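User: I'm new to this one and would like a plain walk through it. Please start with a single residue and work outwards.

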Amino acid sequence: MIITTPDGPGTRRHRAYGLAPVIAAIRESGHDPLPLLERAGIPADAPDDPEYTLSPREELGFLEDALLTAQQPDLGLILGPRYHLPMYGMLGLAAMTSANLAETFRVVFKYIHLTWSFMHWSLRTERGMAIINLEKRRDLGSCYQYMVDRGLAASYTCLLYTSPSPRDIEVHLVCRLLLE
């Protein structure tokens with residue numbers, strides 16, 4: 001089985017509220033996120049507006065500045081779990097109500113532009129194991145490792161929302177990909 005995100009340059013705009021976990025982490029580290037938003041050309045109230053979208057330049061500029069400010073190489077691993085399925089709105093709801101884990105990935109990958117990923121994702125099974133592969137769709141500068149770490153940590157967190165399901169026959173089954 002192979003599931004992939006659609007091909008394309010990945011130039012779509014992401015919702016500004018996706019910066020909320022990063023902004024919270026900046027505040028938690030004792031720094032003010034407002035100068036970072038300003039330098040990236042993002043209005044201070046944009047992360048609170050569910051309709052405001054960011055250009056890739058604005059988003060990556062803010063993230064590069066945030067990574068420099070935080071000085072935490074593992075920030076993507078720390079923040080990834082804050083990107084849980086309910087944060088994705090209707091896409092998260094569709095993922096949570098999918099019949100199984102493979103269908104969850106199909107839904108999320110089909111609508112990857114509704115997430116905060118600049119990656120091409122693929123998932124395949126090989127000898128009973130699920131393998132996720134990420135390839136950048138654009139130059140991510142110093143954000144590359146953060147994006148990989150955040151994406152994988154977020155996908156693990158999403159697994160917790162979808163597996164096991166009450167629909168599963170075996171109570172202790174953690175990953176349903178093997179049933180597909």
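User: What does Phe105 count as, buried or exposed?
Analyst: Phe105 counts as buried, because its relative accessibility is 8%. Buried here means under 20% relative accessible area, exposed over 50% and partly exposed in between, with a 1.4 Å probe and protein chains only. Bear in mind that this is a predicted model, in which local features need pLDDT of at least 70 and side-chain atom pairs count only at pLDDT 80 or more, while totals for chains, interfaces and linings use all residues. Residues are numbered from 1 along each chain as its sequence is written, and side-chain values use heavy atoms, leaving out hydrogens and water.

User: OK. How many residues of helix 6 are buried?
Analyst: Helix 6 covers residues 101-110, and 7 of its 10 residues are buried, which leaves the helix mostly covered. The buried ones are Leu101, Ala102, Thr104, Phe105, Val107, Val108 and Phe109. Helices (H or I, at least four residues) and strands (E, at least two) are DSSP runs numbered from the N terminus.

User: How far apart are Phe105 and Phe109 in helix 6?
Analyst: They are 4 residues apart, so about one helical turn separates Phe105 from Phe109. In general, an α-helix has 3.6 residues a turn, so residues three or four places apart point the same way.

User: How many aromatic pairs does the whole structure have?
Analyst: The search finds 5. Rings of Phe, Tyr and Trp (its six-membered ring) pair when their centres lie within 6.5 Å; planes under 30 degrees apart are stacked, over 60 edge-to-face and the rest tilted. Phe105 and Phe109 form an edge-to-face pair, because their ring centres are 5.5 Å apart and their planes stand at 70°.

User: And how buried is Phe109?
Analyst: Phe109 has a relative accessible area of 2%, so it is buried. Its ring also pairs with Trp121: the centres are 6.0 Å apart and the planes are at 45°, so this pair is tilted. The pair joins distant parts of the chain, with Phe109 in helix 6 and Trp121 in strand 4 (residues 119-126), 12 residues apart. Trp121 counts as buried because its relative accessibility is 6%.

User: Which residues do ring pairs link into a cluster?
Analyst: The cluster consists of Tyr17, Tyr83, Tyr88 and Trp116.

User: Back to strand 4. What does Ser122 touch?
Analyst: Leaving aside residues up to four places away in sequence, Ser122 touches Ile3, Thr4, Phe109, Ile131, Ile132 and Asn133. Contact means heavy atoms within 4.5 Å. Ser122 lies in strand 4 and is buried, since its relative accessible area is 15%.

User: Now the other helices. At what angle do helix 1 and helix 3 pack?
Analyst: Helix 1 (residues 20-28) and helix 3 (residues 56-70) pack at about 25°, and their axes are 10 Å apart. Axes are lines fitted to C-alpha atoms, for helices over the stretch in contact, and angles run from 0 to 180 degrees between N-to-C directions. Helix 1 and helix 3 are therefore roughly parallel to each other; that label covers angles under 35 degrees, with over 145 roughly antiparallel, 65 to 115 roughly perpendicular and the rest oblique.

User: Which residues make the contact?
Analyst: Val22, Ile23 and Ile26 come from helix 1, and Phe62, Leu63, Ala66, Thr69 and Ala70 from helix 3. They divide into 7 nonpolar, 1 polar and no charged. Nonpolar covers Ala, Val, Leu, Ile, Met, Phe, Trp, Tyr, Cys and Pro, charged covers Asp, Glu, Lys and Arg, and the others, Gly among them, are polar. As for burial in helix 1, Pro21, Val22, Ile23, Ala25 and Ile26 are buried.

User: Where does Gln71 lie?
Analyst: Gln71 is in the loop between helix 3 and helix 4 (75-79). Gln71 is exposed, because its relative accessible area is 59%. Its phi is near 50°, a positive value in a residue other than glycine. Gly30, just after helix 1, also takes a positive phi, of about 90°.

User: Last one: how many helices and strands does the chain have?
Analyst: The chain has 7 helices and 5 strands. From the N terminus on, they run β-β-α-α-β-α-α-α-α-β-β-α. Of the 180 residues in the chain, 46% are buried.
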